[in-house]
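Work through these exercises with the model open. Try each task before you read its solution.

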Amino acid sequence: MKLKTVVERLSMMGGNRRNERSRSAPNSEICDLALEIEGLAPNNAHTLLKALKHGLSTETAEWDRYIAAETLSTAIYPKYKFSEYGRLFLEDREFISYYEHIMDPGNWHSFDRKYTLRELLRLVEHLDGDMAECGAYKGASAYLMCKAAESTPSLVHLFDSFEGLADPLPVDGSYWQRGSLTTPESALHATLEGLSNYRTYKGWIPDRFGEIADRQMRFVHIDVDLYEATLSSLNFFYPNLVPGGIFLLDDYGFSSCPGAKQAADEFFAAKPEQIAMLPTGQAIIVKQ
Ligand SMILES: C[S@@+](CC[C@H](N)C(=O)[O-])C[C@H]1O[C@@H](n2cnc3c(N)ncnc32)[C@H](O)[C@@H]1O
(Lines give C-alpha, C1' and ligand atoms only; values in the text may rest on other atoms or scores of the structure.)
Protein backbone atom coordinates (compact mmCIF):
# COMPACT_ATOMS: atom_id res chain seq x y z
CA MET A 1 0.00 0.00 0.00
CA LYS A 2 1.27 3.46 -0.88
CA LEU A 3 2.16 5.79 1.93
CA LYS A 4 -0.30 8.39 0.69
CA THR A 5 -3.15 5.84 0.87
CA VAL A 6 -2.19 4.80 4.37
CA VAL A 7 -2.28 8.40 5.48
CA GLU A 8 -5.59 9.06 3.73
CA ARG A 9 -7.23 6.04 5.31
CA LEU A 10 -5.98 6.89 8.76
CA SER A 11 -7.18 10.46 8.32
CA MET A 12 -10.66 9.24 7.33
CA MET A 13 -11.18 7.01 10.36
CA GLY A 14 -14.15 8.39 12.24
CA GLY A 15 -14.66 9.42 15.83
CA ASN A 16 -17.03 6.59 16.77
CA ARG A 17 -14.77 5.35 19.55
CA ARG A 18 -14.12 8.77 21.03
CA ASN A 19 -15.44 8.02 24.49
CA GLU A 20 -14.31 4.46 24.84
CA ARG A 21 -11.22 3.33 26.69
CA SER A 22 -8.86 0.97 24.88
CA ARG A 23 -9.85 -2.25 26.53
CA SER A 24 -9.62 -4.26 23.34
CA ALA A 25 -7.73 -4.33 20.08
CA PRO A 26 -8.21 -1.42 17.69
CA ASN A 27 -11.06 -1.74 15.18
CA SER A 28 -10.68 -4.09 12.28
CA GLU A 29 -10.02 -1.40 9.72
CA ILE A 30 -7.01 -0.24 11.68
CA CYS A 31 -5.87 -3.83 12.18
CA ASP A 32 -6.00 -4.42 8.42
CA LEU A 33 -4.02 -1.30 7.87
CA ALA A 34 -1.42 -2.33 10.45
CA LEU A 35 -1.01 -5.64 8.65
CA GLU A 36 -0.61 -3.90 5.32
CA ILE A 37 2.10 -1.58 6.53
CA GLU A 38 3.90 -4.23 8.53
CA GLY A 39 7.36 -4.69 7.16
CA LEU A 40 7.85 -1.00 6.72
CA ALA A 41 11.58 -0.37 6.96
CA PRO A 42 12.43 1.39 10.23
CA ASN A 43 14.21 4.18 8.38
CA ASN A 44 10.97 4.96 6.55
CA ALA A 45 9.16 5.35 9.84
CA HIS A 46 10.14 8.96 10.25
CA THR A 47 8.77 9.83 6.83
CA LEU A 48 5.57 7.98 7.52
CA LEU A 49 5.05 9.69 10.84
CA LYS A 50 5.64 13.09 9.27
CA ALA A 51 3.14 12.34 6.52
CA LEU A 52 0.64 11.07 9.03
CA LYS A 53 0.92 14.23 11.07
CA HIS A 54 0.06 16.33 8.06
CA GLY A 55 -2.61 13.87 6.90
CA LEU A 56 -4.59 13.94 10.16
CA SER A 57 -6.63 17.09 10.31
CA THR A 58 -6.76 19.14 13.49
CA GLU A 59 -10.43 18.19 13.83
CA THR A 60 -9.60 14.49 14.03
CA ALA A 61 -10.70 13.20 17.42
CA GLU A 62 -7.91 12.75 19.90
CA TRP A 63 -8.93 9.14 20.45
CA ASP A 64 -8.55 8.42 16.72
CA ARG A 65 -5.16 10.04 16.68
CA TYR A 66 -4.18 7.92 19.65
CA ILE A 67 -5.28 4.73 17.91
CA ALA A 68 -3.51 5.81 14.71
CA ALA A 69 -0.34 6.34 16.70
CA GLU A 70 -0.75 2.98 18.43
CA THR A 71 -1.31 1.28 15.09
CA LEU A 72 1.79 2.78 13.59
CA SER A 73 3.83 2.06 16.65
CA THR A 74 2.71 -1.57 16.65
CA ALA A 75 3.51 -1.92 12.95
CA ILE A 76 6.88 -0.25 13.15
CA TYR A 77 8.09 -1.35 16.60
CA PRO A 78 5.92 -4.17 18.01
CA LYS A 79 8.06 -4.50 21.13
CA TYR A 80 6.80 -1.16 22.37
CA LYS A 81 3.51 -1.50 24.20
CA PHE A 82 1.26 1.53 24.03
CA SER A 83 -0.26 2.24 27.42
CA GLU A 84 -3.84 3.24 28.27
CA TYR A 85 -5.44 6.31 26.73
CA GLY A 86 -6.23 9.32 28.90
CA ARG A 87 -3.61 9.20 31.65
CA LEU A 88 -3.84 12.41 33.61
CA PHE A 89 -0.13 12.97 34.06
CA LEU A 90 0.09 13.69 30.33
CA GLU A 91 -2.19 16.69 30.93
CA ASP A 92 -0.21 18.16 33.83
CA ARG A 93 0.58 21.57 32.29
CA GLU A 94 2.74 22.73 35.16
CA PHE A 95 4.90 19.63 35.01
CA ILE A 96 5.11 19.78 31.22
CA SER A 97 6.34 23.38 31.51
CA TYR A 98 9.03 22.40 34.02
CA TYR A 99 10.14 19.57 31.73
CA GLU A 100 10.19 21.66 28.55
CA HIS A 101 12.13 24.36 30.34
CA ILE A 102 14.72 22.04 31.81
CA MET A 103 15.33 19.37 29.17
CA ASP A 104 16.65 19.58 25.63
CA PRO A 105 13.85 20.43 23.15
CA GLY A 106 12.01 17.38 21.87
CA ASN A 107 13.57 14.96 24.36
CA TRP A 108 10.67 13.33 26.21
CA HIS A 109 12.60 10.21 27.09
CA SER A 110 12.70 10.84 30.82
CA PHE A 111 9.31 12.54 31.17
CA ASP A 112 7.78 9.53 32.96
CA ARG A 113 10.85 9.04 35.15
CA LYS A 114 10.93 12.65 36.23
CA TYR A 115 7.22 12.48 36.98
CA THR A 116 7.73 9.34 39.05
CA LEU A 117 10.52 11.06 40.97
CA ARG A 118 8.33 14.04 41.72
CA GLU A 119 5.50 11.86 42.99
CA LEU A 120 7.74 9.62 45.13
CA LEU A 121 9.18 12.69 46.82
CA ARG A 122 5.70 13.24 48.29
CA LEU A 123 6.01 9.95 50.16
CA VAL A 124 8.93 11.20 52.28
CA GLU A 125 7.50 14.64 53.08
CA HIS A 126 6.71 13.58 56.65
CA LEU A 127 10.17 12.13 57.35
CA ASP A 128 13.18 13.85 58.89
CA GLY A 129 16.48 13.87 57.07
CA ASP A 130 18.23 15.29 54.04
CA MET A 131 18.16 14.14 50.43
CA ALA A 132 21.04 13.15 48.18
CA GLU A 133 21.61 12.54 44.53
CA CYS A 134 24.49 10.52 43.09
CA GLY A 135 24.86 11.74 39.52
CA ALA A 136 23.34 15.22 39.28
CA TYR A 137 24.38 16.09 35.69
CA LYS A 138 22.58 19.31 34.65
CA GLY A 139 20.19 19.18 37.58
CA ALA A 140 16.85 18.14 36.09
CA SER A 141 16.10 15.74 38.93
CA ALA A 142 17.99 17.81 41.49
CA TYR A 143 15.57 20.64 40.72
CA LEU A 144 12.58 18.49 41.70
CA MET A 145 14.34 17.36 44.87
CA CYS A 146 15.22 20.95 45.85
CA LYS A 147 11.65 22.10 45.20
CA ALA A 148 10.30 19.23 47.33
CA ALA A 149 12.65 20.17 50.20
CA GLU A 150 12.20 23.93 49.81
CA SER A 151 9.82 24.42 52.71
CA THR A 152 11.77 22.18 55.11
CA PRO A 153 15.06 22.62 56.98
CA SER A 154 16.64 19.74 55.04
CA LEU A 155 19.39 20.02 52.43
CA VAL A 156 19.89 18.30 49.09
CA HIS A 157 23.44 16.93 48.60
CA LEU A 158 24.50 16.58 44.97
CA PHE A 159 27.44 14.37 43.98
CA ASP A 160 28.98 14.39 40.52
CA SER A 161 32.41 14.18 38.91
CA PHE A 162 31.30 16.74 36.31
CA GLU A 163 33.73 14.71 34.18
CA GLY A 164 31.12 12.15 33.22
CA LEU A 165 31.44 8.43 33.88
CA ALA A 166 34.48 6.58 35.20
CA ASP A 167 35.87 3.56 33.32
CA PRO A 168 33.11 0.98 32.80
CA LEU A 169 33.82 -2.60 33.95
CA PRO A 170 33.03 -5.69 31.85
CA VAL A 171 29.77 -6.04 33.83
CA ASP A 172 28.69 -2.66 32.48
CA GLY A 173 28.54 -3.87 28.89
CA SER A 174 29.59 -1.71 25.97
CA TYR A 175 27.05 1.12 25.87
CA TRP A 176 28.97 3.62 28.03
CA GLN A 177 32.48 5.02 27.77
CA ARG A 178 34.66 6.90 30.21
CA GLY A 179 33.68 10.57 30.06
CA SER A 180 30.15 9.97 28.73
CA LEU A 181 27.73 12.58 30.13
CA THR A 182 30.38 15.15 30.95
CA THR A 183 28.86 18.50 31.80
CA PRO A 184 30.25 21.54 33.62
CA GLU A 185 29.15 22.19 37.19
CA SER A 186 27.97 25.62 36.06
CA ALA A 187 25.12 23.95 34.11
CA LEU A 188 23.82 22.46 37.35
CA HIS A 189 23.96 25.80 39.14
CA ALA A 190 22.17 27.46 36.23
CA THR A 191 19.30 24.95 36.51
CA LEU A 192 19.09 25.48 40.26
CA GLU A 193 19.26 29.26 40.06
CA GLY A 194 17.18 30.84 42.83
CA LEU A 195 17.33 27.74 45.03
CA SER A 196 19.64 27.75 48.05
CA ASN A 197 18.90 24.47 49.80
CA TYR A 198 21.53 22.36 48.03
CA ARG A 199 25.26 21.62 48.23
CA THR A 200 27.43 20.25 45.45
CA TYR A 201 30.33 17.82 45.85
CA LYS A 202 32.48 17.70 42.73
CA GLY A 203 34.58 14.54 42.60
CA TRP A 204 34.55 10.81 41.95
CA ILE A 205 32.08 8.77 43.95
CA PRO A 206 32.67 7.80 46.78
CA ASP A 207 35.53 10.21 47.56
CA ARG A 208 33.42 12.98 49.11
CA PHE A 209 30.67 10.96 50.78
CA GLY A 210 32.55 11.23 54.11
CA GLU A 211 31.67 14.93 54.26
CA ILE A 212 28.06 14.08 55.04
CA ALA A 213 28.66 10.97 57.15
CA ASP A 214 26.76 12.49 60.07
CA ARG A 215 23.59 13.33 58.05
CA GLN A 216 20.48 11.16 57.99
CA MET A 217 18.75 10.79 54.63
CA ARG A 218 15.08 10.37 53.71
CA PHE A 219 15.48 10.16 49.94
CA VAL A 220 18.48 9.10 47.81
CA HIS A 221 18.40 9.21 44.02
CA ILE A 222 21.10 7.10 42.37
CA ASP A 223 21.67 7.85 38.69
CA VAL A 224 25.26 6.98 37.80
CA ASP A 225 24.68 4.26 35.16
CA LEU A 226 27.57 1.97 36.14
CA TYR A 227 28.24 -0.88 38.60
CA GLU A 228 30.97 0.56 40.83
CA ALA A 229 29.45 3.97 41.51
CA THR A 230 26.00 2.41 42.09
CA LEU A 231 27.39 -0.08 44.58
CA SER A 232 29.47 2.55 46.43
CA SER A 233 26.40 4.79 46.66
CA LEU A 234 24.24 2.00 48.10
CA ASN A 235 26.98 0.99 50.53
CA PHE A 236 27.34 4.50 51.86
CA PHE A 237 23.73 5.64 52.01
CA TYR A 238 21.97 2.47 53.16
CA PRO A 239 22.94 2.82 56.86
CA ASN A 240 22.01 6.53 56.85
CA LEU A 241 18.60 6.14 55.20
CA VAL A 242 15.83 6.46 57.79
CA PRO A 243 13.08 3.80 57.98
CA GLY A 244 10.47 4.63 55.36
CA GLY A 245 13.14 6.51 53.38
CA ILE A 246 13.41 5.78 49.67
CA PHE A 247 16.17 4.79 47.28
CA LEU A 248 15.19 5.58 43.70
CA LEU A 249 17.48 3.91 41.16
CA ASP A 250 17.17 5.59 37.78
CA ASP A 251 19.08 3.01 35.72
CA TYR A 252 18.00 -0.35 37.13
CA GLY A 253 15.67 -1.45 34.34
CA PHE A 254 17.66 -0.44 31.26
CA SER A 255 19.53 -2.79 28.95
CA SER A 256 22.18 -0.08 28.61
CA CYS A 257 23.02 -0.28 32.34
CA PRO A 258 23.45 -3.97 33.28
CA GLY A 259 26.08 -3.09 35.89
CA ALA A 260 23.76 -0.74 37.76
CA LYS A 261 21.19 -3.55 38.04
CA GLN A 262 23.76 -6.09 39.13
CA ALA A 263 25.10 -3.77 41.82
CA ALA A 264 21.62 -3.32 43.30
CA ASP A 265 20.74 -7.02 43.03
CA GLU A 266 23.96 -7.99 44.80
CA PHE A 267 23.57 -5.33 47.46
CA PHE A 268 19.97 -6.13 48.37
CA ALA A 269 20.35 -9.93 48.15
CA ALA A 270 21.30 -10.01 51.82
CA LYS A 271 18.96 -7.21 52.95
CA PRO A 272 15.33 -7.39 54.09
CA GLU A 273 14.15 -4.83 51.51
CA GLN A 274 12.82 -5.81 48.09
CA ILE A 275 13.59 -4.04 44.84
CA ALA A 276 10.52 -3.03 42.83
CA MET A 277 11.29 -2.41 39.16
CA LEU A 278 8.94 0.13 37.56
CA PRO A 279 7.84 0.19 33.90
CA THR A 280 9.68 3.49 33.60
CA GLY A 281 12.98 1.63 33.98
CA GLN A 282 13.50 2.92 37.51
CA ALA A 283 13.54 0.82 40.66
CA ILE A 284 12.37 1.76 44.12
CA ILE A 285 13.44 0.43 47.51
CA VAL A 286 11.79 1.49 50.75
CA LYS A 287 14.04 1.20 53.81
CA GLN A 288 12.64 -0.94 56.61
C1 LIG B 1 22.60 10.13 33.72
S2 LIG B 1 23.50 11.43 34.40
C3 LIG B 1 22.49 11.97 35.74
C4 LIG B 1 21.24 12.64 35.27
C5 LIG B 1 20.55 13.46 36.32
N6 LIG B 1 20.20 12.69 37.49
C7 LIG B 1 19.31 14.12 35.73
O8 LIG B 1 18.21 13.83 36.16
O9 LIG B 1 19.42 14.92 34.81
C10 LIG B 1 24.80 10.58 35.22
C11 LIG B 1 25.72 11.50 35.98
O12 LIG B 1 26.50 10.69 36.86
C13 LIG B 1 27.79 11.21 36.96
N14 LIG B 1 28.67 10.11 37.38
C15 LIG B 1 28.70 8.85 36.87
N16 LIG B 1 29.63 8.11 37.48
C17 LIG B 1 30.19 8.88 38.43
C18 LIG B 1 31.21 8.68 39.41
N19 LIG B 1 31.85 7.50 39.52
N20 LIG B 1 31.53 9.70 40.23
C21 LIG B 1 30.89 10.88 40.12
N22 LIG B 1 29.93 11.15 39.21
C23 LIG B 1 29.58 10.16 38.37
C24 LIG B 1 28.08 11.74 35.56
O25 LIG B 1 29.06 12.74 35.58
C26 LIG B 1 26.71 12.27 35.12
O27 LIG B 1 26.60 13.64 35.35
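**Exercise 1. Find the salt-bridge partner of D167 and say how accessible each residue of the pair is.**

Step 1. Start with D167: at a relative accessible area of 46%, it is partly exposed. Buried means under 20% relative accessible area, exposed means over 50%, and partly exposed lies in between (1.4 Å probe, protein chains only).

Step 2. Look for the partner. The side chain of D167 meets that of R178 in a salt bridge, 3.3 Å from N to O. A salt bridge is a side-chain nitrogen of Lys or Arg within 4 Å of a carboxyl oxygen of Asp or Glu.

Step 3. Check R178. Its relative accessibility is 48%, so R178 is partly exposed.

Before going on, note the ground rules. The model is predicted: local features need pLDDT of at least 70, side-chain atom pairs count only at pLDDT 80 or more, and totals for chains, interfaces and linings use all residues. Residues are numbered from 1 along each chain as its sequence is written, and side-chain values use heavy atoms, with hydrogens and water left out.

**Exercise 2. Which residue pairs with D130, and which parts does the pair tie together?**

Step 1. Find the contact. D130 forms a salt bridge with R215, and the closest N and O atoms are 2.6 Å apart.

Step 2. Place both ends. D130 lies in strand β1 (residues 130–134) and R215 in the loop between β3 (198–202) and β4 (217–222), so the pair ties together parts that are 85 residues apart in sequence. Strands (E, at least two residues) and helices (H or I, at least four) are DSSP runs, numbered from the N terminus.

Step 3. Compare accessibility. D130 is buried at 5%. R215 is partly exposed at 31%.

Step 4. Widen the search. The whole structure holds 10 salt bridges. Another is E211 with R208, at 2.8 Å between the closest N and O atoms. Shared partners join D92, R118, E119 and R122 into one network.

**Exercise 3. D251 is buried: what does its side chain contact, and how far away is the nearest opposite charge?**

Step 1. Locate D251. It sits in the loop between β5 (241–249) and α10 (258–269).

Step 2. Look for a charge partner. D251 has no salt bridge; the nearest side chain of opposite charge is R113, 5.5 Å away. Here Lys and Arg count as positive, Asp and Glu as negative; His and the chain ends are not counted.

Step 3. Look for a backbone partner. A polar atom of the D251 side chain lies 3.2 Å from the backbone nitrogen of V224.

**Exercise 4. Describe the surroundings of the ligand.**

Step 1. List the neighbours. There are 19 residues around the ligand; G135, S141, D160, I205 and D223 come nearest. A residue counts if one of its heavy atoms lies within 4 Å.

Step 2. Sort them. The shell has 9 nonpolar, 5 polar and 5 charged residues.

Step 3. Take the N and O distances. A ligand nitrogen is 3.0 Å from a backbone N or O atom of I205. A ligand nitrogen is 3.1 Å from a side-chain N or O atom of E133. The protein buries 93% of the 600 Å² that the ligand exposes when taken alone.

Step 4. Inspect the backbone at I205. A cis peptide bond joins I205 and P206, with omega about 15 degrees. P206 lies in the loop between β3 and β4.

Key
Polar contact = N/O pair within 3.5 Å; in protein donor to acceptor, adjacent residues only side chain to side chain. Areas by Shrake-Rupley, 256 points an atom, 1.4 Å probe, with all protein chains shown as cover. Nonpolar A, V, L, I, M, F, W, Y, C, P; charged D, E, K, R; others polar.
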